[in-house]
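Let's take a friendly walk through this structure, starting from its interior and working outward. Have the viewer open as you read.

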Amino acid sequence: IMDHHLKIIAAQQLKCKFLRLDAEKAPFFVHKLQVRTLPALIVFQEGKMVEQLMGFEGLALNPAEPDKWHTGRLQQWLAATGAIKYTVPTEEVREEMARMGIRPKGTVWSGTSGTGFKGATYDSDDE
């Protein structure tokens with residue numbers, strides 16, 4: 001689950017380096033970083049650990065379903081640590097994206113019904 005969300009975020013955040021370690025193949029790091037729960041997401045800045053996320057703590061919208069959460073929740077957590085820059089889309093941005101034919105689909109925004117963006121219906125206020 002974590003890998004899925006991090007792949008989406010990593011593709012958008014090119015200034016941040018993402019590294020995935022297999023805990024079974026990296027016992028030195030598991031011990032050194034005191035990892036007790038998997039998955040573990042650890043943020044480093046300038047070589048120092050600044051924050052840890054163990055499991056899906058705080059990401060779930062409903063505590064009864066801890067495995068169900070949106071990529072945006074993880075983006076907010078990473079942004080709070082200073083690892084990435086992310087702003088939750090405002091209602092105005094959501095409306096503009098909908099006008100352009102971009103709709104939320106699961107945890108990502110995409111063009112409508114596989115046809116891509118409706119560029120012909122987009123009317124920029126900048127012109």
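A good place to begin is the largest nonpolar core, which has 13 residues. Those with the most contacts inside this core are Met-2, Leu-41, Leu-53, Leu-59, Leu-74, Trp-77 and Leu-78. Three elements give two or more residues to the core: helix H1 (2–12), strand S1 (40–45) and helix H3. Keep in mind as you look that this is a predicted model. As a general background, nonpolar side chains in soluble globular proteins tend to be buried together.

To get a feel for the packing, select Leu-78. Which residues does Leu-78 touch once its neighbours within four places in sequence are left aside? The contacts are Leu-6, Ile-9, Phe-18, Leu-41, Val-43, Ala-83 and Ile-84.

Next, turn to the open space. The largest pocket has a volume of about 1100 Å³. Its lining counts 30 residues, and the closest to the pocket centre are Leu-19, Arg-20, Leu-21, Ala-40 and Leu-41. Leu-41 is thus a residue to look at twice, since it is listed among those with the most contacts inside the largest nonpolar core and also among those closest to the centre of the largest pocket. H1, helix H2 (27–32) and S1 each supply at least two residues of the lining. Which element gives the most to the lining? That is S1, with six residues. Sorted by class, the lining of this pocket has 24 nonpolar, one polar and five charged residues.

Finally, look at the aromatic rings. The structure holds two aromatic pairs. In one, the rings of Phe-28 and Phe-29 have their centres 5.4 Å apart, and because their planes stand at 75 degrees, over the 60 degree cut-off, the pair is edge-to-face. Are these two rings buried or exposed? Phe-28 counts as exposed because its relative accessibility is 57%, over the 50% cut-off. Phe-29, at 41% relative accessibility, counts as partly exposed.

The other pair is formed by Phe-56 and Trp-69, and this pair is tilted, with 5.5 Å centre to centre and 50 degrees between the planes. Both Phe-56 and Trp-69 lie in the loop between strand S2 (48–54) and helix H3 (71–81), so the pair ties together parts that are 13 residues apart in sequence. Phe-56 has a relative accessible area of 17%, so this residue is buried, the cut-off being under 20%. Trp-69 is buried too, with a relative accessible area of 5%.

Terms used: Residues numbered from 1 in each chain as written. Predicted model: local features only at pLDDT ≥ 70, side-chain atom pairs only at ≥ 80, totals over all residues. Heavy atoms only, no water. Phe/Tyr/Trp six-rings, centres within 6.5 Å; stacked < 30°, edge-to-face > 60°. Buried < 20%, exposed > 50% of the residue type's maximum accessible area, 1.4 Å probe, protein only. Helix = DSSP H or I, 4+ residues; strand = E, 2+ residues; numbered from the N terminus. Core = buried A, V, L, I, M, F, W, Y, C linked by side-chain atoms within 4.5 Å. Contact = heavy atoms within 4.5 Å. 1 Å grid on protein atoms, 1.4 Å probe; cavity = no way out; pocket = protein on both sides within 12 Å on 5 of 7 lines; lining within 4 Å. Points joined across faces, edges and corners; volume = space filled by probe spheres on them. Nonpolar A, V, L, I, M, F, W, Y, C, P; charged D, E, K, R; others polar.
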